[in-house]
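Okay, thanks everyone, I'll keep this brief. Let me put the structure up and then walk you through it.

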Amino acid sequence: MDETSALLIQNPLLLPQNREKTVYDGFITAQEKDFRIRIILPPDRQLREARLQCCWQLKQLLHEYHHIIKQRLHQSSDLASFILELKTVLELALKNRQGIQTLPPPEYYAQLIKEIECLGWDKLVFIDTEFSTLKLKAEDNSSREHLITIKLKAKYPAEPPDCSADLPVPFIISWTTQSSLPNIHSQFLAVLESLKEFWDVLDEIDEKTWVLEPENPTRSATMRRIAIGNNVSVNIEVDPRHPKMLPECCFLGADHVVTPLRNKLNANIHLWNPECTVLQNLMDILEIEFPAPASQQKANFSMECGICYSYRLDSAIPDQVCNDPRCGQPFHQACLYEWLRGLPSSRQSFNIIFGECPYCCKPLTVKMTTKKS
């Protein structure tokens, strides 16, 4: 019996597509389930150079067995023996996965298309080939565009979908049963509207100040570290539920600069006006003007670490500074820790290390908040 005959007997649904018998297309069967596959052989029919094209179900099942299939391609003597090996691996995959999940009924797809048409195709940004994951866009009243990712389940709409969006933690949405796409989109718009003031506050800060961190803030981010001056900044945490109230503030920098700012905040806190923006209130209470976000501002302030001479170390920026008013040199916490640890004159107590500034020799201490290896 030749190779083609053996292949047809074992796999009657997998047929050659050309006279040279270098292209086979059809189905292989395992556990009474048929899986679409296409095999393309090179002109010399060498299996090691063969290309396999699978349906998404088969590709998903065999994903973890990629190295085994490649090995079988190299070791099998002919295509018939390779297909036999492939079916053995597929049987194992099906057993381990306890069978491939059943596709949703036709009514699922009909209902989904109906809901998309009701919502409007212009709101659909993405849908995967399984019709189970969608991304819808929505625009708030300030013309900001937002996306919501919806992962539908096989029993949708009876079973609620999993939804995720770039929202602050207190506004994560939980969906009830019988949620349709128009209903989900409507709820999403309502949440976006409730966050309008919160995003207005942060957008003004991003547009009018030099934000040090985060470098590329997401819509869920509630924190901003804003530059005030040379090696001085303030960390603010805005409450998305009460965005115009006084945010949590933490000043970073040398004591001789930070202490007056902290005193002004405490002395003028009664002047906070919820009718004004957070940025305007901070400027009024601290009696300062924040540096503009223009790129030339980076040349006006010395923000590079005095040890590694860079602004960013991985994701960290300098957050330690020499307290001597004549020095004020900034450092990355990790750089300063390693520098002080290497000095013969330094000493350590628990996670605090004591030493001298490498620029002015004034006493310095640094506390490590993360464990050093």
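Let's start with strand E16, residues 352-356, which pairs with E17 in the antiparallel sense over 5 bridges. This is a predicted model, by the way, so keep that in mind throughout. If you want to find the register, take Ile 352: the bridge partner in E17 is Lys 367. For Glu 356, the bridge partner in E17 is Pro 363. The hairpin of E16 and E17 has 6 residues between the strands, and in that hairpin Cys 361 takes a positive phi near 65 degrees.

Now the other partner. E15 and E16 pair as well, again in the antiparallel sense, over 3 bridges. Here Arg 347 stands opposite Phe 354 in E16. The hairpin of E15 and E16 has 2 residues between the strands, and Phe 350 takes a positive phi near 55 degrees there.

Put that together and you get an open sheet of 3 strands, in the order E15-E16-E17, with antiparallel pairing. Which strands stand at the edges? Strand E15 (347-349) and strand E17 (363-367) do, each with a single partner strand, so one side of each has no neighbour in the sheet. As for the twist, it averages 25 degrees from one strand to the next. Helix H11, residues 333-341, packs on this sheet and touches E15, E16 and E17. The direction of H11 makes about 120 degrees with that of E17.

Stay with E16 for a second and look at the side chains. In a regular strand, side chains alternate between the two faces of the sheet. E16 does alternate: Ile 353 and Gly 355 point to one face and are buried. Ile 352, Phe 354 and Glu 356 point to the other face and are not buried.

Okay, zooming out. The chain is divided into domain 1 (3-99), domain 2 (106-195), domain 3 (209-286) and domain 4 (302-372). The C-alpha centres of domain 2 and domain 4 lie 48 Å apart.

So what about the nonpolar cores? The largest has 46 residues, and the members touching the most other members are Ile 150, Leu 167, Ile 205, Ile 228, Phe 251 and Phe 290. Helix H9, residues 278-286, supplies the largest share of this core, 6 residues. The core also draws at least three residues from each of domain 2 and domain 3.

Which residues is Phe 290 in contact with, leaving aside neighbours within four places in sequence? They are Thr 209, Ile 226, Ala 227, Ile 228, Val 234, Leu 279, Leu 282 and Met 283. There's also a second, separate core of 28 residues, which includes Ala 6, Tyr 24, Ile 37 and Ile 69.

Last thing, the cysteines. How many disulfides do we count? The count comes to 0. Take Cys 55: the nearest cysteine sulfur belongs to Cys 54, and it is 6.9 Å away. Cys 55 has 16% relative accessibility, so it counts as buried. For Cys 322, the nearest cysteine sulfur is that of Cys 360, 3.5 Å away. The cut-off for a disulfide is sulfur atoms within 2.5 Å, so a pair has to meet that to be counted. Cys 322 is therefore in no disulfide. Cys 322 also counts as buried, because the relative accessibility is 1%.

That's what I had, so over to you.

Conventions. Residues are numbered from 1 along each chain as its sequence is written. This is a predicted model: local features need pLDDT of at least 70, side-chain atom pairs count only at pLDDT 80 or more; totals for chains, interfaces and linings use all residues. Side-chain values use heavy atoms; hydrogens and water are left out. A nonpolar core is a set of buried Ala, Val, Leu, Ile, Met, Phe, Trp, Tyr and Cys residues joined through side-chain atoms within 4.5 Å. Buried means under 20% relative accessible area, exposed over 50%, partly exposed in between (1.4 Å probe, protein chains only). Helices (H or I, at least four residues) and strands (E, at least two) are DSSP runs, numbered from the N terminus. Domain bounds come from an automatic or database domain assignment. Contact means heavy atoms within 4.5 Å. Two strands pair if DSSP finds at least two bridges between them. Axes are lines fitted to C-alpha atoms, for helices over the stretch in contact, and angles run from 0 to 180 degrees between N-to-C directions.
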